[in-house]
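Me: Hey, can you walk me through this one? I've got it open and don't know where to start.
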Amino acid sequence: MKNEDNQTRPDISFAVNVLSRYVNNPSQQHVNAVKRIVRYLINTKDLCIRYGESDGLIGYSDSDYASDVDTRKSTTSYIFMMNGGPITWSSQKQKTIALSITEAEFVAACEAAKEMIWLRQLMIYACLIRVISPQPPPHIPKCLTGYMTDVQSWTDYDGRLIVYPDDNNSIDVSYHLDCVGQLQRQLRQFPCSGNNSVQYLSMANCQFHIIPSVFHYKDSCGNTLSGTVEYLTLTGNNFSIEYTFHPYDVQMNATNAKSAFEDTSFERNIANCWSNGLRGVTFPRLRELDLRLCRIRKLEDSMFSGMPYLEKLYLGENNIFLISAGTFSGLKRLIHLDFSRNYEFDEYGTYQGLYFDECNVFQELVNIESIDFSFTKMAQRNIDGFRHVSAKLQRLSICHAGLSNLIPGLLAGTSLKFLDVSGNINIFADDDALRGLEHSLQVVYANDIALKKLDVFENMKSLEILRARNNEITTIGRKIARSLVNLQVIDLDMNRLIAWSRPTVSLMPSLKFLSVRSNNINVISEQMARDFENVSYIGLTGNYIVCNCNAREIFELALRNEMDRKDELIEEKRKNQYANVSLLYHSGYEDVNYAIANRKYVRPNCIGNNCYNGTPLEISGKFLLFDYDKATYNCLTITDGKTKSFARVPSCKETKDMEVGAAIQNYWNKYLLIIPLLLMPFLIIGFVFKRNLRYFFITIRNSAMLSLINKNEHIDENTIFNYDVFVSYSNEDRAWVLDYLLPHLETDCNVSVCLHERDFLVGLSILENIVACMDRSRAIMLIISQRFLVSQWCQFEMHLAQHRLLETRREDLILVLLEDIPRRLRPNTLHYLMVTNTYIVWPKEDAEQVLFWRRLKKSLVTQKMKQPENVSLA
């Protein structure tokens with residue numbers, strides 16, 4: 001029964017524990033209790049412990065005060081859960097008699113804590129859990145370089161030590177009301193055996209206003225704190241209060257009268273006395289000093305000169321606004337400096353940026369490898385201070401520091417690998433801002449910096465991760481893409497990217513992760529679908545995409561890849577061989593792999609029992625959708641303006657088959673209708689609709705002629721245009737065109753306009769004149785009104801304009817709406833043009849017409865500037 005209790009049945013643990021106290025001399029009552037437990041086990045033999053998904057290690061403890069009526073001892077119980085089921089539990093009588101419920105609970109919690117520490121060590125050894133530093137509260141924003149707790153493992157966010165207590169090398173008096181007294185008591189009781197010494201010391205949140213002079217205290221072995229401590233935290237104290245003393249020099253004269261003179265020099269020396277507890281003290285073994293959240297305002301000269309072996313200095317989340325020139329004097333071995341999240345306001349509530357007393361404040365830090373100024377606003381002149389930084393610098397964060405215009409080559413003398421400049425508007429205003437870092441820079445975060453192009457990253461041979469969210473990037477230059485040979489991750493969410501029609505992504509041979517969410521991509525071209533072939537993960541949500549077969553092909557291929565491959569996390573190409581890996585911590589790969597690990601799988605969109613039809617695809621690739629959501633992967637249908645799932649759009653092969661089938665079916669339908677009615681319609685049409693019949697044959701002739709005119713002609717950069725714009729309009733809108741539009745275009749805009757009633761050549765057919773004028777005009781302008789849509793000839797010109805632009809591979813179409821056109825009145829051709837092109841509406845108010853002409857002029861001038869200047873043949 002005891003075996004069952006210990007291994008699989010925590011529900012009988014308490015009962016077995018109570019009965020086991022009487023095994024030496026059991027009574028009939030105890031035997032009956034045992035039988036009752038056995039009956040319970042028989043009736044519940046089908047019960048089992050079930051384990052599910054991982055939710056970490058969770059423990060619970062409780063006590064039953066004075067539950068043993070014979071000895072008045074309490075009972076301790078605890079249970080630890082993992083993956084939804086219990087893995088260890090206990091219910092035992094306490095060894096001592098608790099004098100209160102609180103004491104009984106404290107003993108139970110202590111036993112549970114010891115069990116938890118043992119379990120954690122076991123799981124770390126068995127690689128069941130990873131050792132992760134305690135994280136700051138979730139409301140604290142983080143940049144690429146993370147937070148202080150990411151680069152060390154001996155203290156948590158609140159300053160408590162997290163080293164194992166059985167190491168006999170730490171003292172933690174944090175959150176005590178009498179920290180100094182508690183420190184003295186623990187030093188007297190410190191075990192003096194072997195090589196034990198106080199290496200870890202926490203005096204966090206002790207309500208200190210100055211650092212106390214306690215480092216001359218000795219432990220029971222006779223060692224002073226200053227001589228043994230290696231890791232010291234004073235987090236959470238208040239060092240903002242400046243004590244000012246007014247000592248006086250006293251002199252006496254012959255009349256015994258006393259004269260007092262204020263000694264102002266002494267006042268200056270002690271005005272900022274919070275650090276006096278460190279002055280004059282040498283710490284020969286101190287390696288890390290934590291002064292976060294202490295409301296420090298100034299850093300004076302030589303503050304840390306007594307710490308020659310200091311390696312890491314944490315000064316984040318203070319109110320520092322001034323760093324003196326000699327602050328870091330003597331810190332020759334410092335390799336990590338944390339100045340993140342420093343804010344200070346003057347007496348008027350105005351924000352004070354951080355100032356360097358001299359530009360060479362970092363000159364003493366000859367071994368510095370990591371500097372963190374995240375969320376610390378700095379004066380622009382401070383940017384020149386990085387010119388004197390050590391050549392060993394590998395990690396730098398100046399995110400949201402209020403800087404701009406990074407000086408070209410400023411960091412060229414460093415070994416910089418990880419850089420975060422997010423939140424600094426126009427920090428990369430110069431394309432040479434990163435000059436000299438081509439062979440070292442691995443990870444760059446450049447979010448929200450008003451970046452318009454990626455030229456600053458050209459020839460970054462070692463760059464592996466680039467995140468440039470919330471900028472104004474419109475294209476990825478092919479030359480830039482070709483130079484990023486080691487780039488694995490590119491995140492361009494919330495930019496202004498548009499669809500591309502030439503190979504771009506495929507030019508980056510190492511690319512595995514592409515995120516272009518919330519951009520201006522409104523159609524997935526065939527080249528885009530083929531461009532994703534070698535990418536492992538893509539994200540497209542947030543783009544208003546028009547439905548086409550390429551969207552279906554991407555969805556279908558991602559669905560098939562879900563069945564054929566497993567998720568693969570992205571790993572660093574150039575593994576860091578640095579001894580202290582945590583020092584060069586960055587969240588670049590963590591952020592990407594988190595998105596991969598938490599993505600939703602693409603599932604087939606089933607209709608009844610038909611979930612997967614195995615339609616042949618015209619593209620190939622291995623990519624998965626890391627941002628898939630059934631509700632967001634939708635596209636817009638042109639015909640009815642409604643949204644449709646990617647899965648319900650016909651594939652490219654199905655589209656072609658349907659087109660061929662529809663053409664054949666339409667042919668036979670027409671043929672079968674003509675045979676029985678062949679004679680009668682022609683007689684009626686020939687007699688009643690003579691003119692219409694004549695127009696029909698003219699239209700047939702013109703259509704045939706259109707297919708032969710300029711059939712293989714394409715517009716290139718050498719094409720000579722006779723006109724800047726060809727204007728198509730209905731006869732009812734002629735007055736507006738001649739009275740308003742033509743004077744503004746030809747007089748104000750200096751634009752050459754082609755009108756059918758003025759510029760058509762005599763002797764040619766109307767169709768030939770229209771085609772010739774369209775081809776000799778740089779742009780085509782359609783004046784759309786309801787009268788325009790009623791005219792069949794105008795609709796023919798609109799179809800012809802779209803046909804000629806597609807045939808000559810041009811996109812120079814300008815739509816001008818003289819009035820609002822409801823959806824029900826729009827032909828499909830016009831609706832498609834309005835969905836895929838930006839149009840301009842003629843305002844009724846006189847005040848708004850000035851803006852109308854200004855926008856129209858800008859559009860025409862832009863079209864005119866697209867082609868080089870040519871000498872007109874007209």
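Reply: Sure, let's begin with a term: patches are made of residues with over 30% relative accessible area and no salt bridge, and nonpolar side chains are joined within 5 Å. Keep in mind that this is a predicted model.

Me: OK, so which residues make a nonpolar surface patch here?
Reply: Tyr 51, Leu 57, Ile 87 and Met 116 do, and their patch covers about 330 Å².

Me: Is Ile 87 buried, exposed or partly exposed?
Reply: Partly exposed, because its relative accessible area is 34%. Ile 87 sits in strand E3, residues 85–93.

Me: What does E3 pair with?
Reply: E3 runs antiparallel to E2, with 8 bridges joining them. One bridge pairs Phe 80 with Thr 88 in E3.

Me: And how many residues lie between E2 and E3 in the hairpin?
Reply: There are 2, and Asn 83 in that turn has a positive phi of about 55 degrees.

Me: What about E1, what's it paired with?
Reply: E1 (residues 57–64) pairs with E2 (residues 75–82), antiparallel over 8 bridges. Ile 58 stands opposite Met 81 in E2.

Me: Switching topic: which residues touch the most other members in the largest nonpolar core?
Reply: Met 203, Phe 215, Phe 428 and Phe 457, out of 125 residues in that core. Helices H5, H8, H9 and H10 each give two or more residues to this core, and H10 has the largest share, with 6 residues.

Me: What's Phe 215 in contact with, beyond its sequence neighbours?
Reply: Its contacts farther than four places away in sequence include Leu 201, Met 203, Leu 232 and Phe 283.

Notes. Residues numbered from 1 in each chain as written. Predicted model: local features only at pLDDT ≥ 70, side-chain atom pairs only at ≥ 80, totals over all residues. Heavy atoms only, no water. Patch = residues over 30% accessible without salt bridge, like charges linked within 9 Å, V, L, I, M, F, W, Y side chains within 5 Å. Areas by Shrake-Rupley, 256 points an atom, 1.4 Å probe, with all protein chains shown as cover. Salt bridge = Lys/Arg side-chain N within 4 Å of Asp/Glu carboxyl O. Helix = DSSP H or I, 4+ residues; strand = E, 2+ residues; numbered from the N terminus. Buried < 20%, exposed > 50% of the residue type's maximum accessible area, 1.4 Å probe, protein only. Pairing = 2+ DSSP bridges. Core = buried A, V, L, I, M, F, W, Y, C linked by side-chain atoms within 4.5 Å. Contact = heavy atoms within 4.5 Å.
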